[in-house]
Each structure stands twice: as structure tokens, then as C-alpha cells.
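Trainee: I would like a close look at a single part of this model. Please take me through the packing there, then through its surroundings.

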Amino acid sequence: MAPETEKKADVESAPVYSVIVPVFNTVSSLGELCARVKSVFASLPERYEIILIDDGSPNPDTWPTMQEIARADSCVVAIQLTRNFGKA
């Protein structure tokens with residue numbers, strides 16, 4: 001594939017909307033949050049992504065829960081920061 005064609009394919013498959021969610025000690029509500037965001041975007045034709053960012057949460061269940069949600073849903077991306085940056 002030519003470089004121009006690759007760039008066009010990347011742009012066409014890229015999400016139009018990104019919902020960025022800083023996460024800090026909020027494990028129990030993550031599944032529900034993602035389900036509600038998905039229900040809002042379900043009626044739209046554009047692609048979207050949900051980006052969960054672990055902002056250095058001390059809760060040992062936060063990162064594994066985020067990973068589990070991301071593995072189960074290709075629209076969800078999980079990112080783990082090395083420490084708390086105070087954004088959540």
C-alpha cells in the first residue's frame with residue numbers, strides 16, 4: 001500500500017470522538033460508566049473510543065479492572081500512569 005493510501009486508511013478508521021476518563025479509586029463504577037457512554041454513542045454513525053487513564057490510583061483493583069474492560073471491548077483503551085498527576 002502506498003504511503004498516501006495508508007494515511008487515508010488510518011484517518012478513515014480513527015475514532016471521531018474520544019471520551020477521556022481519569023480514574024482514581026473508582027473501580028465499582030467503571031463498567032456502568034462505559035456502558036452508559038456506549039449507549040449514548042450507539043445511535044451515532046461515527047467511531048468513538050473511551051480512554052480510561054489510571055492516574056496513579058493506590059487501589060490495587062483499579063488497573064486490573066480497567067484492563068479487563070479494555071480486553072472485553074475494542075472501543076475501550078486503558079492507560080496506566082506511573083504516579084498520580086492530580087488530574088482525576
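Is the crossing of helix 2 and helix 3 left-handed or right-handed?

Mentor: The crossing of helix 2 and helix 3 is right-handed. Keep in mind that this is a predicted model. On the helix 2 side, the contact is made by Leu30, Gly31 and Cys34. Helix 3 contributes Thr65, Met66 and Ile69. Sorted by class, the contact has four nonpolar residues and two polar ones. Charged residues are absent from it.

Now the geometry. Helix 2 covers residues 30-41, and helix 3 covers residues 62-72. Their axes are 10 Å apart. The packing angle is about 30 degrees. Angles under 35 degrees count as roughly parallel. Helix 2 and helix 3 are therefore roughly parallel to each other.

Next, the sheet. It is open and has three strands, in the order 1-2-3. The pairing is parallel. Strand 1 (17-23) and strand 3 (76-80) are the edge strands, and each pairs on one side only. From one strand to the next, the twist averages 20 degrees.

Look closer at strand 2, residues 48-54. Five bridges join strand 2 to strand 3, and the two run parallel. One bridge to pick out involves aspartate 54, whose partner in strand 3 is glutamine 80.

Both helices of the crossing meet this sheet. Helix 2 packs on it, touching strand 1, strand 2 and strand 3. The direction of helix 2 makes about 160 degrees with that of strand 2. Helix 3 also packs on the sheet, and it touches strand 1, strand 2 and strand 3. Here the angle is about 155 degrees, taken between the directions of helix 3 and strand 3.

Finally, the rings. The count of aromatic pairs comes to two. One of them joins tyrosine 17 and phenylalanine 41. Their centres are 5.5 Å apart. The planes make 45 degrees, and the pair is tilted. Tyrosine 17 sits in strand 1 and phenylalanine 41 in helix 2. The two are 24 residues apart, so the pair links distant parts of the chain.

Technical notes. Residues numbered from 1 in each chain as written. Predicted model: local features only at pLDDT ≥ 70, side-chain atom pairs only at ≥ 80, totals over all residues. Heavy atoms only, no water. Axes fitted to C-alpha atoms, helices over the stretch in contact; angles between N-to-C directions. Helix = DSSP H or I, 4+ residues; strand = E, 2+ residues; numbered from the N terminus. Parallel < 35°, antiparallel > 145°, perpendicular 65-115°, else oblique. Left-handed = near helix turned anticlockwise from the far one by under 90°. Contact = heavy atoms within 4.5 Å. Nonpolar A, V, L, I, M, F, W, Y, C, P; charged D, E, K, R; others polar. Pairing = 2+ DSSP bridges. Phe/Tyr/Trp six-rings, centres within 6.5 Å; stacked < 30°, edge-to-face > 60°.
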